Amino acid sequence: MTEPLLKVENLHVSFSTRGGIVEAVRGVDIEVAQGGTLAIVGESGSGKSVTAYAVTQLLDRSARIPSGRILFRGDDITRASSSRMNSLRGAAISMVFQSPRTALNPIRGIGRQIMDAIEAHQNLPKAQVRARALELLEAVRIRDAAGRFDAYPEELSGGMCQRVMIAMAMACNPSLLIADEPTTGLDVTTQKTVMDLLARLTAERNMALILITHDLGLAARYCRDVVVMQEGKVVERASTAELFGNPQHPYTRKLVAASPTFESTVDDLVGEAPRPPAPAIARERGAPPLLDAEGLVKRFGDVAAVDRVSLKLGRGESLGLVGESGSGKSTISRMICRLVDHDDGRLLFDGEDIGSIPARDFHASPRRRDIQIVFQDPHDSLNPRFSAFDCIAHPVKRLVKPQDAAELKRRVEEAAERCGLPRDLLGRFPHQLSGGQKARVGIARAIAVEPRLLVLDEPTAALDVSVQAVVLKLLDDLRRDEGLSFLFVSHDLNVVRMMCERIVVMRQGTVVEEGASKDLFTAPRAAYTRELLDAIPHFEPQRALAG
Amino acid sequence: MSSTLRHAGWVLRGNPVTAFAAAGTFLLVAVAVLAPWIAPYDPITSNVSNALKPPSAAHWAGTDQLGRDIFSRLLAATRLDLTIAAAAVSLSFVAGAVIGSFCGYVGGRLDRWVGRLVDVLMAFPLFVLAMALVAALGNRVENIIIATAIINLPFYIRFARAEVNVRRHAGWVEAARAGGDSHAAVVLRFLLPNILPAMAVQISLNLGWAILNAAGLSFLGLGVQAPTPEWGIMVAEGARFIGTGQWWLVAFPGLALMLAVLCFNLLGDGLRDILDPRMRT
């Protein structure tokens with residue numbers, strides 16, 4: 001067997017922090033051959049990014065590598081000098097970072113930035129460098145590359161910026177490309193084009209690719225080998241087919257089970273026996289739907305962010321609202337929550353016209369209590385100066401107006417308990433809670449006032465997949481037990497399919513398709529829906545393993 | 001509370017400069033409170049036979065042209081200077097934080113108009129404004145406080161506006177609305193407490209400025225009047241004697257001023273570390 005391109009042996013990385021030494025990576029072995037594709041999969045805190053940063057020596061100053069070796073083409077580069085690393089980085093080893101917008105220099109044209117990358121390693125005449133940069137921009141399929149050569153990063157979309165990043169990483173034909181969550185934050189269709197491009201370019205140039213991701217589907221689709229990391233250690237390594245077909249380690253199994261597929265149910269995700277679908281609550285004859293929105297319009301300047309959208313939601317029903325960024329789904333959820341005013345249209349809640357109450361006065365309406373919302377980023381949605389208890393207590397105090405402190409405490413603790421939040425965590429501040437715990441606080445806050453309609457705005461988008469599984473299960477239980485109605489907003493079709501009976505697909509402010517979840521998945525009518533379904537990276541684990 | 005104290009202890013241990021500043025500030029406040037009891041001599045009674053004596057065991061900082069003990073006058077002046085500065089800064093902080101927060105939250109036309117007004121205010125030199133106020137309202141300490149407060153107002157408005165502006169679309173702000181709070185309640189009860197740590201830094205830096213301003217104004221003869229012990233007046237009166245070699249008349253009040261300003265400035269950064277809950281684990 002030939003010498004691997006990159007070989008990491010028993011790598012340890014530790015950080016010195018205020019709380020003492022933190023061991024982020026604890027004995028990792030990785031091998032990538034020339035032209036190979038390896039995915040490092042793990043959840044946040046698993047040490048997957050730290051491993052990659054250690055290879056390129058881009059670690060924080062507080063980091064130490066107490067033991068282990070990193071061999072690149074047989075040379076030990078673990079403690080290589082910074083001048084040696086400078087000549088390697090970009091030329092032999094390149095990185096593509098997570099958020100392309102922050103990784104690009106905002107005050108320099110994209111073409112210039114690629115030229116800089118070339119000039120850092122090659123001494124060529126300007127005209128030649130420019131021609132090469134243009135070639136690269138064309139290679140990453142920037143439309144009208146010559147015209148956009150001098151464009152600034154903020155003039156391009158997120159997906160375009162990531163393509164520029166890829167062009168920069170490719171500039172000197174490195175033999176190893178490390179992509180650290182290259183598509184996190186991008187829309188699913190954009191993710192597909194970016195990843196397809198990355199895979200094609202690395203294959204054409206016989207580059208090795210290390211893809212660092214939390215998304216098992218992405219790893220399965222684009223990499224031959226997979227390494228699963230947990231708490232700084234590699235728990236399993238195998239070829240993609242083997243790993244997803246027959247995961248060995250319990251953690252891998254949990255991870256595979258927790259990743260939604262086209263067939264999984266919420267119960268599958270957490271490894272429980274499936275239950276029958278939630279029974280529909282029979283609608284009384286003549287009773288109005290719980291929510292009836294008709295012809296909602298919201299304009300920002302001259303642009304209609306939401307253009308004549310109508311939705312109906314029955315009691316106990318769960319409606320999914322799917323779309324990519326800019327589709328207007330978040331704006332709709334805020335209009336329905338009466339946090340922003342609509343410009344046109346009608347909004348009826350249980351037959352009562354709530355659209356006529358201006359959003360600024362809605363806080364005093366008795367209906368405020370009935371419509372609650374769970375926000376996307378659990379960290380951003382909790383007041384940093386409130387303890388978990390205060391966060392949940394706030395809407396109770398305002399909207400339920402409990403008799404005394406004892407009743408308030410009882411209600412808060414009850415809500416926390418229903419969300420699986422241990423009582424001793426209630427005194428903590430948001431920064432002392434994990435992502436999943438914060439998500440639970442956010443949900444507890446919303447259900448503490450016993451709403452009838454819960455708007456969920458991408459409630460799991462910022463969570464790890466195993467945490468997402470538990471949170472989805474919690475939401476599903478809440479719905480079954482309390483007969484809540486959900487408006488579930490998400491970009492993730494799989495998640496929406498599991499949670500909702502009906503789905504509305506949106507694009508650029510208008511409804512593209514509406515239908516029962518099952519039908520929409522098996523027989524999508526709109527081309528855009530098909531495109532969305534197609535772009536979901538997925539793998540088909542053997543169903544046997546669930547049982 | 002104990003966690004706050006523990007955290008404060010940690011910050012001070014790791015940051016001796018902040019510890020020094022905190023100790024200095026504590027000393028200043030203690031002196032301000034206790035001045036009448038710890039001053040060895042009456043700061044106002046003159047004793048001309050004892051005039052212009054250099055520092056000695058009996059008079060640590062020497063005596064001035066009327067034979068008054070400079071050390072006692074320094075102690076007494078601390079109370080007045082700190083009071084003026086604290087009052088001015090509190091006024092501008094309260095007004096500025098509220099105005100700025102609403103501007104940052106509401107945005108639009110209100111924000112633009114207040115912004116322009118602030119620009120106009122910032123173009124006024126302190127002394128011109130103070131003189132105008134004194135001419136209109138009379139030469140009193142209260143008016144000096146108001147003038148200093150108005151001059152400092154723009155900083156607080158801008159600061160609060162910027163801090164609120166970046167937070168106004170945060171999830172927890174919308175959550176507060178969904179939880180039944182009006183816009184005003186969101187600003188006052190959610191956003192203001194969140195910008196306090198950052199503003200505390202501003203307050204501390206500003207106290208130093210305000211002390212300098214107050215001293216500067218009385219140096220010019222505005223506000224505080226002559227026999228009252230005040231650092232600015234002491235410097236002004238002592239300046240006449242520098243040429244003849246009686247340096248202690250100016251040096252000690254000058255040093256006191258410098259120490260006070262330095263302490264408040266250094267305290268600023270330490271305060272931010274102590275007050276920010278995210279720094280606590």
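This is a short tour of a predicted model, going from the contact between chains A and B to some aromatic rings and the charges over them.

**Stop 1: the interface**

Show chains A and B together and colour whatever touches the other side. You should light up 26 residues of chain B, in contact with 24 residues of chain A. Between them the two chains bury about 2,300 Å², and 54% of that is on carbon and sulfur atoms.

Now pick out B:Glu174, B:Arg177 and B:Ala178. This trio supplies 23% of the area that chain B buries against chain A, more than any other three residues.

Stay on B:Glu174 and add A:Arg334. Their side chains meet in a salt bridge, 2.6 Å from N to O. Across this interface there are two salt bridges, and ten residue pairs are in polar contact, with both residues at pLDDT 80 or more.

Which helices of chain B should you display here? Try helix 1 (2–14), helix 7 (171–178) and helix 8 (183–219): each supplies at least two residues of the side of chain B that touches chain A. Helix 7 of chain B gives the largest share of that side, with seven residues.

**Stop 2: rings in chain A**

Switch to aromatics. Over all chains, the count is six aromatic pairs. Select A:Tyr53 and A:Phe97 for one of them: it is tilted, with 6.3 Å centre to centre and 50° between the planes. A:Tyr53 lies in helix 1 (residues 48–56) of chain A, while A:Phe97 is in the loop between strand 7 (93–96) and helix 3 (100–103), so the pair ties together parts that are 44 residues apart in sequence. Put a surface on and check A:Phe97: at 24% relative accessibility, this ring residue counts as partly exposed.

**Stop 3: tryptophans in chain B**

Next, select B:Trp247 and B:Trp248. This pair is edge-to-face, at 5.8 Å centre to centre and 85° between the planes. Is B:Trp248 buried or exposed? With a relative accessible area of 6%, B:Trp248 is buried, because the cut-off for that is under 20%. B:Trp247, at 48%, counts as partly exposed. Add B:Phe252 to the selection and you have one aromatic cluster made of B:Trp247, B:Trp248 and B:Phe252.

**Stop 4: arginines over rings**

Finish back in chain A. Centre on A:Phe362 and bring in A:Arg338, whose charged end sits over the ring, 6.0 Å from its centre. Then go to A:Phe521: A:Arg497 lies over its face, at 5.4 Å from the ring centre.

Methods. Residues are numbered from 1 along each chain as its sequence is written. Chains are lettered from A and ligands numbered from 1 in the order in which they are written. This is a predicted model: local features need pLDDT of at least 70, side-chain atom pairs count only at pLDDT 80 or more; totals for chains, interfaces and linings use all residues. Side-chain values use heavy atoms; hydrogens and water are left out. Rings of Phe, Tyr and Trp (its six-membered ring) pair if their centres lie within 6.5 Å; planes under 30 degrees apart count as stacked, over 60 as edge-to-face and the rest as tilted. Helices (H or I, at least four residues) and strands (E, at least two) are DSSP runs, numbered from the N terminus. Buried means under 20% relative accessible area, exposed over 50%, partly exposed in between (1.4 Å probe, protein chains only). A charge sits over a ring if NZ of Lys or CZ of Arg is within 6 Å of the ring centre and within 35 degrees of the ring normal. Contact means heavy atoms within 4.5 Å. Buried area is the accessible area (1.4 Å probe) that two parts lose on being put together, summed over both. A salt bridge is a side-chain nitrogen of Lys or Arg within 4 Å of a carboxyl oxygen of Asp or Glu. A polar contact is a pair of N or O atoms within 3.5 Å; within protein, one must be able to donate a hydrogen and the other to accept it, and residues adjacent in sequence count only if both atoms are side-chain atoms.
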